[in-house]
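Subject: Structure handover and findings

Hello,

Here is the structure we talked about. Please look through it first, then read the notes below.

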Amino acid sequence: MTEDQKRRIANRKKRQSRHTLLGRLQRCAEKANRSAAELGLDDRITTSELTELYMKQSGRCAISGNLLTFKDPESQSYLSLDHVIGLRCKSGLGTNTVANMQLVRLPLNKRKSVKPLSKLFNRKRPVVTRMMLDSFEEGEIDALVESQRAQMISLGLNPKDGFTVVANYVEKRKVKRAG
């Protein structure tokens, strides 16, 4: 077999793995690790850690509660890895650890960007969705709330005490008025 044939076979296998859950999680881990390395962070995430997170979330978006897909990148439910506190956030509190990650729909991840989760929901205190309450243990929820609070304080947002439990995020639709 020639080198060209070997390369073609390897590329075909790589393309086929893109449409599997494991392949998608592997690409998410690679991208997160590459971003962390660019920023000089030592933390690395593994595919097996992301697989555990996927199972913990029951294959659902941590923000909206919708089932996540991994086959069609054009889908509104395409799986994406979100750092609760973004690695590039001005607060400098973001880490590349599973404790700072959640699996979400790609459009929501783009909308949230590096902003605090509370900004996505337009709240004055840290936010926990019903999906997060169902998926994460109490200690994980406490850590999530405290990290959001620290991020909000560092950004000068002065969060109120406690946290807000919200129903899962539903995208706001623009209503066209007749007339």
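First, a term: buried means under 20% relative accessible area, exposed means over 50%, and partly exposed lies in between (1.4 Å probe, protein chains only). This is a predicted model: local features need pLDDT of at least 70, side-chain atom pairs count only at pLDDT 80 or more, and totals for chains, interfaces and linings use all residues. Residues are numbered from 1 along each chain as its sequence is written, and side-chain values use heavy atoms, with hydrogens and water left out. Helices (H or I, at least four residues) and strands (E, at least two) are DSSP runs, numbered from the N terminus.

Salt bridges

A salt bridge here is a side-chain nitrogen of Lys or Arg within 4 Å of a carboxyl oxygen of Asp or Glu. That rule gives seven salt bridges.

Glutamate 140 pairs with lysine 56, N to O 2.6 Å. Glutamate 140 sits in helix H7 and lysine 56 in helix H3, so this salt bridge ties together parts that are 84 residues apart in sequence. Glutamate 140 is partly exposed, at 31% relative accessibility. Lysine 56 is partly exposed too, at 33%.

Within H7, arginine 149 bridges to glutamate 146, with the closest N and O atoms 4.0 Å apart. The two are three residues apart, about one turn of the helix. Which of them is buried? Arginine 149 is, with a relative accessible area of 15%. Glutamate 146 is partly exposed, at 47%.

Helix H1 (residues 3-17) holds a pair with that spacing: arginine 7 and aspartate 4, three residues apart. Their closest N and O atoms are 2.7 Å apart. Aspartate 4 is partly exposed, at 29%. Asp4, Arg7 and Arg8 are linked in a salt-bridge network.

Helix H7

H7 has 17 residues. At 1.5 Å a residue they should span 24 Å, and the end C-alpha atoms are 24 Å apart, which agrees. (The expected span is 1.5 Å times one less than the number of residues.)

Its buried residues are Ile141, Leu144, Val145, Gln148, Arg149, Gln151 and Met152. They cover an arc of only 165 degrees around the axis, which puts them on the same side of H7. The arc is that of the directions from the helix axis to the C-beta atoms. Cover for these residues includes H5, strand S3 (127-129) and helix H6 (130-135).

Take glutamine 148, in H7. It is buried, at 1% relative accessibility. Contact means heavy atoms within 4.5 Å. Leaving aside neighbours within four places in sequence, glutamine 148 contacts Val84, Ile85, Leu117, Ser118, Pro126 and Val127.

Strands S1 and S2

How many of the five residues of strand S1 (residues 79-83) are buried? Five of the five are, so S1 is largely enclosed by the rest of the structure. Both faces are covered: Leu79, Leu81 and His83 are buried on one side, Ser80 and Asp82 on the other. In a regular strand the side chains alternate between the two faces of the sheet.

S1 pairs with strand S2 (residues 101-105) in the antiparallel sense, over five bridges. Two strands pair if DSSP finds at least two bridges between them. Aspartate 82 has glutamine 102 of S2 as its bridge partner.

Nonpolar core

A nonpolar core is a set of buried Ala, Val, Leu, Ile, Met, Phe, Trp, Tyr and Cys residues joined through side-chain atoms within 4.5 Å. The largest one has 32 residues, of which Leu50, Ile63, Leu103, Phe121 and Met132 touch the most other members. Helix H2 (21-38), helix H3 (47-56), S1, S2, H5, S3 and H7 each supply at least two residues of this core. H2 gives the largest share, four residues.

Leaving aside neighbours within four places in sequence, the contacts of leucine 103 include Leu25, Leu50, Tyr54, Cys61, Leu68, Leu79 and Leu81.

Positive phi

Three residues to check by eye. Glycine 156 follows H7, with phi near 75 degrees. Asparagine 158 is not a glycine, yet its phi is positive, near 45 degrees. It lies in the loop between H7 (138-154) and strand S4 (164-166), and is exposed, at 63% relative accessibility. Serine 113, also not a glycine, has a positive phi near 55 degrees. Serine 113 is in the loop between helix H4 (106-112) and helix H5 (117-120), and is partly exposed, at 39%.

Best regards
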